[in-house]
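User: I have a structure open and want to go through it piece by piece. Can you take short questions as I scroll?

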Amino acid sequence: MHQVLWNRPIELGLISGDVRMVKGPSDALACLAGQWPHRGPYYVAARSACRAAIAGRRTPDEARRLFIFAVEEAHLTAH
């Protein structure tokens with residue numbers, strides 16, 4: 001299985017002050033599985049979309065968009 005990457009990585013600012021570069025759905029899943037500050041509806045949707053993008057059932061762009069919504073829902077920053 002090849003690594004699915006986004007056209008534009010997301011620079012994610014974490015609550016700890018750390019910055020993490022999220023390059024695709026696999027990186028996003030790793031972030032979501034960690035100490036995610038708020039696990040609301042967009043968290044669930046982003047997790048599902050990232051898994052589907054890795055499996056080829058959704059586009060990487062859909063997963064990226066939902067991950068950004070989950071970032072906003074958790075009051076984190078993304079650039």
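User: Which residue in β2 is the bridge partner of Ile10?
Analyst: Val22 is the partner of Ile10 in that strand. Bear in mind that this is a predicted model.

User: How many bridges join β1 to β2, and which way do the strands run?
Analyst: Four bridges link β1, residues 10-13, with β2, and the two strands run antiparallel. Another position along the pair is Gly13, which stands opposite Val19 of β2.

User: What about the turn, how many residues are between the strands of that hairpin?
Analyst: There are five residues between β1 and β2 in the hairpin. Gly17 has a positive phi there, near 95°.

User: What is the strand order in the whole sheet?
Analyst: The order is β2-β1-β3, an open sheet of three strands with antiparallel pairing. The edge positions belong to β2 (19-22) and β3 (77-78); each has a single partner strand, so one side of each lacks a neighbour in the sheet.

User: Which helices lie across it?
Analyst: Helix α1, residues 25-33, lies across β1 and β2, at about 140° to β2. Helix α3, residues 60-73, lies across β1, β2 and β3 and runs at about 15° to β1.

User: Back to Val22. Buried or exposed?
Analyst: Val22 is buried, with a relative accessible area of 0%. It lies in strand β2.

User: What is Val22 in contact with, leaving aside neighbours within four places in sequence?
Analyst: On that basis Val22 is in contact with Trp6, Pro9, Ile10, Leu12, Asp27, Ala28, Cys31 and Phe67. As for backbone spacing, Val22 and Leu5 are 17 residues apart in sequence and 9.2 Å apart in space, C-alpha to C-alpha.

User: And Met21, is that buried or exposed?
Analyst: Neither: Met21 counts as partly exposed, at a relative accessible area of 40%. Met21 is also found in strand β2.

User: Which residues is Met21 in contact with, sequence neighbours within four places aside?
Analyst: Pro9, Ile10, Glu11 and Asp27. In C-alpha terms, Met21 is 16 Å from Gln35, with their positions 14 residues apart in sequence.

User: Switching to the core. Which residues touch the most other members of the largest nonpolar core?
Analyst: Those are Trp6, Leu12, Val22, Leu32, Trp36 and Phe67, in a core of 21 residues. The elements giving two or more residues to this core are β1, α1, α2 (41-55) and α3.

User: What does Phe67 touch, not counting residues up to four places away in sequence?
Analyst: Phe67 touches Trp6, Ile10, Leu12, Val22, Ala28, Cys31, Leu32, Trp36 and Ala46.

User: And Phe69, where is that?
Analyst: Phe69 lies in helix α3. It is partly exposed, with a relative accessible area of 27%. Phe69 and Ala46 are 23 residues apart in sequence, while their C-alpha atoms are 7.9 Å apart.

User: Charges next. How many salt bridges does a search of the whole structure find?
Analyst: One. Arg58 forms a salt bridge with Glu62, and the closest N and O atoms are 3.8 Å apart.

User: Are those two buried or exposed?
Analyst: Both fall in between. Arg58 is partly exposed at 29% relative accessibility, and Glu62 is partly exposed at 27%.

User: What about Arg64, which side chain of opposite charge is nearest?
Analyst: That is Asp61, 5.9 Å away. A salt bridge needs a side-chain nitrogen of Lys or Arg within 4 Å of a carboxyl oxygen of Asp or Glu. Arg64 has no salt bridge, yet it is buried.

User: So what does Arg64 touch, not counting residues up to four places away?
Analyst: Arg64, whose place is in helix α3, touches Trp6, Arg8, Pro9 and Ile10.

User: Last one. Where is His75?
Analyst: His75 is in the loop between α3 and β3. It has a positive phi of about 60° although it is not a glycine. At 72% relative accessibility, His75 counts as exposed.

Technical notes: Residues are numbered from 1 along each chain as its sequence is written. This is a predicted model: local features need pLDDT of at least 70, side-chain atom pairs count only at pLDDT 80 or more; totals for chains, interfaces and linings use all residues. Side-chain values use heavy atoms; hydrogens and water are left out. Two strands pair if DSSP finds at least two bridges between them. Contact means heavy atoms within 4.5 Å. Axes are lines fitted to C-alpha atoms, for helices over the stretch in contact, and angles run from 0 to 180 degrees between N-to-C directions. Buried means under 20% relative accessible area, exposed over 50%, partly exposed in between (1.4 Å probe, protein chains only). Lys and Arg count as positive and Asp and Glu as negative; His and the chain ends are not counted. A nonpolar core is a set of buried Ala, Val, Leu, Ile, Met, Phe, Trp, Tyr and Cys residues joined through side-chain atoms within 4.5 Å.
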